[in-house]
Amino acid sequence: MGQARQPRRAQAYDGELGAAVARAQEGDESAFAVAYRIVQPGLLGFLRGIVGDDAEDVAADAWLEVARDLGRFKGDGAGFRGWTATIARHRALDHLRRRRVRPRAGGTEQDVLDLPAPHNTHEQALESLSTARALELVRRLPRDQAEAVLLRVVVGLDGPAAARVLGKRPGAVRTAAHRGLKRLAVQLGVGGEAEEGVTDGAARTLGEST
């Protein structure tokens, strides 16, 4: 079975993120700002897939909690992304309960166009456009598949980390992400006939490394 891979940008920034978090825990406010800039675009994209237009307000609440409990966090850059995603999802579900509305699956084009990148090259612009097109289709996925795809592809978590955020078994999240990516691949017309090829094709269209 094909599996979603960690996005290139998330991988590239994890070292910097881990170092920034460590400095922030020692009281360096500028380092916290660095961590925020790295994590916020993917986190906001994930939240938009859950609470829609209220994502920025929910993200603000989540970051207040992150700042308050930062001293309790233990882990590296990838772990910090998982930790912030867990906090953000809890705040999103609280928000939905207060509003008594059902979660919506999906993201927006701007979420992906705003992902941090050290160089604004033509290739990256094309990659962002293809990703935006794919995210438009994520809205049509069942919620479990949409959340799994968003956590794996937009937030950049691996299978076990995404499972911890969702409170599910890694195998269940892996299956949901695979099915979601397979559906996207069919709609996008990418990948081969083999199940793994279809899934990997969709993942590449969503901006993941090969």
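Accessible areas here come from the Shrake-Rupley method with a 1.4 Å probe.

**Figure 1. Overall fold of the predicted model.** The protein has ten helices and zero strands. From the N terminus on, the elements run α-α-α-α-α-α-α-α-α-α. The accessible surface comes to about 10,500 Å². Carbon and sulfur atoms account for 47% of that surface. Of the 210 residues in the protein, 50% are buried. Take the contacts between residues at least 6 apart in sequence: 69% of them join residues at least 24 apart.

**Figure 2. The largest nonpolar core and the helices that supply it.** This core holds 54 residues. Phe80, Leu151, Leu157 and Leu184 touch the most other members. At least two core residues come from each of these helices: H1 (8-25), H2 (29-51), H3 (55-69), H4 (77-99), H6 (122-138), H7 (143-155), H8 (159-166) and H9 (170-188). H2 gives the most, with eleven residues. In soluble globular proteins, nonpolar side chains tend to be buried together.

**Figure 3. Surroundings of Leu151.** Residues up to four places away in sequence are not counted here. Leu151 touches Phe46 and Ala85. Leu151 also touches Gly156, Leu157, Ala162, Val165 and Leu166.

**Figure 4. Ala60 in helix H3.** Is Ala60 buried, partly exposed or exposed? Ala60 has a relative accessible area of 41%, so this residue is partly exposed. The cut-offs are under 20% for buried and over 50% for exposed. Ala60 and Ala88 are 28 residues apart along the chain. Their C-alpha atoms are separated by 9.1 Å.

Definitions and conventions. Residues numbered from 1 in each chain as written. Predicted model: local features only at pLDDT ≥ 70, side-chain atom pairs only at ≥ 80, totals over all residues. Heavy atoms only, no water. Core = buried A, V, L, I, M, F, W, Y, C linked by side-chain atoms within 4.5 Å. Buried < 20%, exposed > 50% of the residue type's maximum accessible area, 1.4 Å probe, protein only. Helix = DSSP H or I, 4+ residues; strand = E, 2+ residues; numbered from the N terminus. Contact = heavy atoms within 4.5 Å.
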